[in-house]
Amino acid sequence: MDLHENLKGKTVVITGGSGILCREFAYAYAKQGMNVAVLGRTLSKLEEVRDKINELGGNGLAVVCDVVDKDSVINAKKVVNDTFGKVDILVNGAGGNHPKGTTTKEYFEKGDIENPNVVSFFDLSKENFNYVFDLNIVGTLIPTQVFIVDMLDNPGANVLNIASMSSYHAITKVSAYCAAKAAISSFTEYQRSLAPGWFETVQNKTLLRNPDGSLSERSKKVLAHTPMGRFGVPEDLTGTLLWLTDSAQSGFVTGATIPVDGGFQAYFGV
């Protein structure tokens, strides 16, 4: 991995820091010799990431935090400031989908409303829809409000949000997630964001894999529309991540969303 001298010694906060993608972000920053604070809800998972950060040459910090609770985020900022000083970079990685916000079928069929074994669009509760929406958009808004205070007098500081392919086009079965990620893309016009294509994570495992581990029909459709013919792996994102958060290389980039998707966004199947 190329060294970004401008990043060495700086402090980055990553929300959702123990996730499949965000832990790889943390490791990429660790290799740059940075102070890396990972925030999330499960301490044991965060500590695992923190220890690997330290092994890779960074200074790791694990902080329990609920990104939709402003008091929790304020407390997390205090811990980070007490340990590392002011924050230079914020990566809003917390988000994702939830099974309760997902429909059973890709398309609505007659009789689905009456079928107790099918969750249709009409069965999505306000609470479950709001859970997914708030996790993504409110969980980006609050950390930005809290941590950006440290950056106001730092011209090299920046905020990076995590969008999605569903920020551009609606994806079947996950309407709440699509609405939230579209909101992220719009909100990012105030900052910048990275939009991963299709990556296998814990959250989408049941959508992309059958119980026996084979590819689901949904996965086959995704790969048929991905010119590179594969899912992304977390390491595919780190080059763009470092570029976007290194002000010496991308200091004039703002309000933009950069897709890293194997061509999914550009290809419509014909």
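**Close-up A. Strand 2, an enclosed strand of the predicted model.** Let us start with strand 2, where six of the six residues are buried, so the strand is largely enclosed by the rest of the structure. Please keep in mind throughout that this is a predicted model. Which residues of strand 2 lie on each of its two faces? Asn35, Ala37 and Leu39 are on one side, while Val36, Val38 and Gly40 are on the other, and all of them are buried. This arrangement fits a general pattern. In a regular strand, side chains alternate between the two faces of the sheet.

**Close-up B. The partners of strand 2.** Strand 2 pairs with strand 1 in the parallel sense, over five bridges. To find your place in this pairing, look for valine 12, which stands opposite valine 36 of strand 2. Strand 2 also pairs with strand 3, again in the parallel sense, and here there are six bridges. A handy landmark on this side is valine 38, whose bridge partner in strand 3 is alanine 62. The chain crosses from strand 2 to strand 3 through helix 2 (residues 43-55), and this β-α-β crossover is right-handed.

**Close-up C. Helix 1 between strand 1 and strand 2.** Strand 1, helix 1 (residues 20-30) and strand 2 together make a β-α-β unit that is right-handed. How many of the eleven residues of helix 1 are buried? Ten of the eleven are, so helix 1 is largely enclosed by the rest of the structure. The buried residues of helix 1 include Leu21, Cys22, Phe25 and Ala26, and charged side chains are represented too, by Arg23 and Glu24. Tyr27 is also one of the buried residues of helix 1. The charged end of lysine 52 sits over the ring of tyrosine 27, 4.8 Å from the ring centre.

**Close-up D. Glutamate 47 and valine 63.** Glutamate 47 is found in helix 2. With a relative accessibility of 28%, glutamate 47 counts as partly exposed. Although glutamate 47 and valine 63 are 16 residues apart in sequence, their C-alpha atoms are 8.7 Å apart in space.

**Close-up E. The seven-stranded sheet.** Stepping back from strand 2, you can follow an open sheet of seven strands in the order 3-2-1-4-5-6-7, with parallel pairing. Which strands form the edges? They are strand 3 (59-64) and strand 7 (256-260), each of which pairs on one side only. Ignoring direction, neighbouring strands of this sheet are turned by 20 degrees against each other on average. Helix 4 (residues 126-147) packs on the sheet, where helix 4 touches strand 1 (11-15), strand 2 (35-40), strand 4 (89-92) and strand 5 (158-162). The direction of helix 4 makes about 170 degrees with that of strand 4.

**Close-up F. Strand 6 beside strand 7.** Strand 6 (residues 192-196) and strand 7 run parallel and are joined by five bridges. Within this pairing, alanine 195 stands opposite proline 259 of strand 7.

**Close-up G. An aromatic cluster.** How many aromatic pairs does a search of the whole structure find? The search finds three. In one pair, the ring centres of phenylalanine 108 and phenylalanine 122 are 5.4 Å apart and their planes lie at 70 degrees, so the pair is edge-to-face. Both residues lie in the loop between strand 4 and helix 4, so the pair ties together parts that are 14 residues apart in sequence. Phenylalanine 121 and phenylalanine 122 form another edge-to-face pair, with 5.6 Å centre to centre and 80 degrees between the planes. Phe108, Phe121 and Phe122 thus belong to one aromatic cluster. Are these rings buried or exposed? Phenylalanine 108 counts as partly exposed at 48% relative accessibility, phenylalanine 122 is exposed with a relative accessible area of 54%, and phenylalanine 121 counts as exposed at 53%.

**Close-up H. Lysine 173 and its backbone angle.** Lysine 173 is not a glycine, yet its phi is positive, at about 80 degrees. You will find lysine 173 in the loop between strand 5 and helix 5 (175-187). Its relative accessible area of 19% puts lysine 173 among the buried residues, because buried means under 20%.

Notes
Residues numbered from 1 in each chain as written. Heavy atoms only, no water. Pairing = 2+ DSSP bridges. Helix = DSSP H or I, 4+ residues; strand = E, 2+ residues; numbered from the N terminus. Axes fitted to C-alpha atoms, helices over the stretch in contact; angles between N-to-C directions. Contact = heavy atoms within 4.5 Å. Phe/Tyr/Trp six-rings, centres within 6.5 Å; stacked < 30°, edge-to-face > 60°. Buried < 20%, exposed > 50% of the residue type's maximum accessible area, 1.4 Å probe, protein only. Lys NZ or Arg CZ within 6 Å of the ring centre and 35° of its normal. Right-handed = clockwise from strand over helix to strand, strands pointing away.
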